[in-house]
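Work through the exercises below with the sequence and the model side by side, and try each task before you read its solution.

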Amino acid sequence: MGVSVRQWVLESYRSLLGSMKFGSKGTIIWDSWDMWVLEIAVLPLAQISFFYFLVGYAGYSPSMVEYVVVGNAVQTMTFSSVFAVANITSSDKWQGTLSSLLVTPANRASMIMGRAIYQIIMSLMISITGLLYGYFLFGVNFSSADYPMLALSLVLTSMSMISFGLLISTIGLYMRTALIVANIFLFIGLLVCGVNFPVSALPSWLQILSYAIPLTYGLQAIRGSIAGASAASLILPISQLLLTGIIVFGFALGLTNSFEKLSRKSGKMEVY
Amino acid sequence: MPEKCLETVDLRREYLNRSFFGKVKSRTVALQGLSISVNKGELYGIIGPNGAGKTTTIKILSTLLLPTSGTAMVLGMDVTKDLYRIRKRIGIVFGGERGLYNRVSGLQNLLYFSDLYGVPASVSRKRVPELIEMVGLSGRENERVEKYSRGMKQRLHIARALVHDPELLFLDEPTIGLDPAGSRNIRQIIKSLKQSGKSIILTTHYMFEADELCDRIAVVSKGNLVALDRPSGLKKQVKDITLVEIKVFGDPENLIERMKAESKVSRVFSEDLEGRTTIRIQTPEAPEVLEAARRTASEYGIKVIEASIKEPTLEDAYLRMVEE
């Protein structure tokens with residue numbers, strides 16, 4: 001006898017909502033204002049400054065400097081959308097709460113998603129702060145910006161990157177920690193997604209990886225929105241962003257159950 | 001015939017340690033074919049030394065671990081197949097301080113787990129305060145868990161395992177590391193849970209606890225069931241021996257060695273506490289051995305504080321079983 005669809009939906013909803021409410025309080029270390037200031041205000045400033053002065057030293061043109069500033073302002077969102085989300089299972093292992101969670105009948109996808117949703121807001125705040133730094137401190141020109149399209153692109157980029165975070169987080173169900181994979185992903189993102197230089201500058205075999213990561217399309221859409229590109233020209237990168245985000249999300253859902261089963265088989269659920 | 005709430009048949013679990021290339025480097029057998037059966041409403045103890053397989057058994061029965069072979073049925077359902085339905089009807093308490101969200105309050109921990117168990121809000125609004133009251137956390141429920149004492153955390157663990165009102169509870173060393181008052185508190189809660197009709201599986205290292213609480217006790221050693229009986233029945237198994245208990249001041253090493261060498265002595269155990277040593281000697285000839293012990297202590301200038309003949313305890317039965 002299985003569970004009825006209605007019951008499944010209701011319980012998944014409760015687990016999603018409960019995890020959403022809980023995610024911002026119980027499972028992250030940013031529970032005091034100083035942590036917030038560091039993550040939202042200092043982190044993007046530090047990263048943008050590093051690359052701004054680096055490309056200034058390397059003699060980039062002003063338009064390329066702007067390219068780098070916008071790229072890094074958006075890329076910093078991966079600290080929250082990918083790194084923090086990937087850390088969900090690892091932090092539960094570390095706190096010893098993973099077994100208590102996995103012994104509940106809760107839908108795993110809704111449970112982890114609920115905990116991750118809060119990070120959409122966090123990652124948006126980080127990127128918006130980064131773009132404000134770009135405007136006020138680093139000379140990014142927003143005079144032609146299409147703000148509704150910019151907002152849409154930022155939200156979709158954040159959501160798509162959360163999918164990547166979820167995918168990496170599922171690995172933590174089986175491996176000791178998902179954080180190493182998340183760390184590697186942060187640097188792969190910097191390298192291949194067009195953050196500091198166009199994807200076309202990469203070898204063609206590496207571009208395959210670029211176009212598998214939603215951040216690449218997100219950056220195209222965001223840069224286009226800031227430059228005031230027509231809505232029609234933004235439809236393609238936004239559609240690609242949405243599609244890769246959905247594909248990665250699907251993988252994450254599928255892998256959650258597989259990795260949980262593997263951890264039950266290997267007995268590594270609590271190993272951290 | 002009492003209704004069963006749990007049954008395992010020939011349950012086996014191996015842990016494999018693999019190399020980077022997947023080759024099996026070593027194999028640890030945690031359970032070697034454990035068969036147990038627990039009746040509905042029973043408080044069933046599992047005792048055994050470290051590494052005996054107690055926690056592995058609990059993990060398999062609570063669906064957190066797959067057995068290598070054998071079967072385990074919980075509330076009539078297979079632990080490898082009916083995960084969802086089993087999880088809805090069981091609760092688990094892990095011993096120790098970990099396993100709670102420390103940065104939020106006890107109340108928030110309970111409400112979160114109520115959500116994960118799919119408990120309707122109307123029910124959890126009533127049940128959660130009742131549980132807080134039951135485990136004695138009233139007035140402290142809004143404090144962050146990181147401010148709780150170890151005993152309070154353990155009581156919160158119990159409350160959390162009860163948010164969905166499970167029929168079967170697994171308590172994995174629930175009093176580990178607690179002070180005597182805290183342990184007694186937990187034992188009272190366990191007794192009241194049994195009285196309310198819940199079936200309970202309890203693992204513990206403390207023999208007096210198993211003796212006080214359990215209807216039946218399974219003694220496991222090296223992944224095997226070595227004895228199963230009521231506490232009184234287990235104690236009867238060591239009726240052939242009596243105990244000489246001597247409490248001494250000073251270095252007891254010579255006395256212990258001499259007593260071990262006595263032909264009428266089966267075993268000698270000792271425990272040091274604040275400069276005093278309690279020596280327990282298992283023997284079928286207690287009066288004679290007691291005299292020999294007094295004489296030997298005197299020879300070595302060891303001060304005897306107290307010396308008496310005692311009835312064997314569950315601990316004596318346990319020690320004999322796990323050592324055989």
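The exercises that follow go from the whole of one chain to single residues and pairs.

This is a predicted model, in which local features need pLDDT of at least 70 and side-chain atom pairs count only at pLDDT 80 or more, while totals for chains, interfaces and linings use all residues. Residues are numbered from 1 along each chain as its sequence is written, chains are lettered from A and ligands numbered from 1 in the order in which they are written, and side-chain values use heavy atoms, with hydrogens and water left out.

**Exercise 1. Describe chain B as a whole.**

Step 1. Begin with the secondary structure: chain B has 11 helices and 14 strands, where helices (H or I, at least four residues) and strands (E, at least two) are DSSP runs numbered from the N terminus.

Step 2. Turn to the dimensions, for the C-alpha atoms of chain B fill a box of roughly 70 × 50 × 50 Å along the principal axes.

Step 3. Consider burial next: of the 324 residues of chain B, 52% count as buried, a term that means under 20% relative accessible area, with exposed meaning over 50% and partly exposed in between (1.4 Å probe, protein chains only).

Step 4. Finish with the contacts, meaning heavy atoms within 4.5 Å: among those in chain B with a separation of 6 or more, 70% are between residues 24 or more positions apart.

**Exercise 2. Check the length of helix α4 of chain B, and state what its buried residues pack against.**

Step 1. The expected span of a helix is 1.5 Å times one less than its number of residues.

Step 2. For the 14 residues of α4(B), residues 121-134, this rule gives 20 Å, and because the end C-alpha atoms are 20 Å apart, the two values agree.

Step 3. The buried residues of this helix are Ser124(B), Val128(B), Leu131(B) and Ile132(B), and they pack against α3 (106-116) and α5 of chain B.

Step 4. To read that list, recall that an α-helix has 3.6 residues a turn, so residues three or four places apart point the same way.

Step 5. Just after α4(B) comes Gly136(B), which takes a positive phi of about 70 degrees.

**Exercise 3. Find the surroundings of Arg155(B).**

Step 1. Locate Arg155(B) in helix α5 of chain B, which runs over residues 150-161.

Step 2. Look for a partner of opposite charge, counting Lys and Arg as positive and Asp and Glu as negative, with His and the chain ends not counted. A salt bridge is a side-chain nitrogen of Lys or Arg within 4 Å of a carboxyl oxygen of Asp or Glu; Arg155(B) is buried yet has none, and the nearest side chain of opposite charge, that of Asp179(B), is 8.3 Å away.

Step 3. Look instead at the backbone, where the oxygen of Gly136(B) is reached by the side chain of Arg155(B) at 3.1 Å.

Step 4. Leaving aside neighbours within four places in sequence, the contacts of Arg155(B) include Val135(B), Leu137(B) and Ile189(B).

**Exercise 4. Which parts of the structure does each of two salt bridges join, and how exposed are the partners?**

Step 1. Over all chains the structure holds 26 salt bridges.

Step 2. In one of them, Glu11(A) pairs with Lys88(B), the closest N and O atoms being 2.7 Å apart. This pair crosses between chains, from helix α1 (residues 5-26) of chain A to helix α2 (residues 83-89) of chain B.

Step 3. Glu11(A) counts as buried because its relative accessibility is 13%, whereas Lys88(B), at 22%, counts as partly exposed.

Step 4. In another, Lys198(B) pairs with Asp165(B), with the closest N and O atoms 2.7 Å apart. Lys198(B) lies in the loop between α6 (180-195) and β8 (199-204) and Asp165(B) in the loop between α5 and β7 (168-172), so the pair ties together parts of chain B that are 33 residues apart in sequence.

Step 5. Lys198(B) is buried, with a relative accessible area of 10%, while Asp165(B) is partly exposed at 44% relative accessibility.

**Exercise 5. Decide whether helix α7 of chain A is largely enclosed or open.**

Step 1. The 25 residues of α7(A), residues 147-171, should span 36 Å at 1.5 Å a residue, and the end C-alpha atoms are 37 Å apart, which agrees.

Step 2. Of these 25 residues 19 are buried, so the helix is largely enclosed by the rest of the structure.

How values were computed
A polar contact is a pair of N or O atoms within 3.5 Å; within protein, one must be able to donate a hydrogen and the other to accept it, and residues adjacent in sequence count only if both atoms are side-chain atoms.
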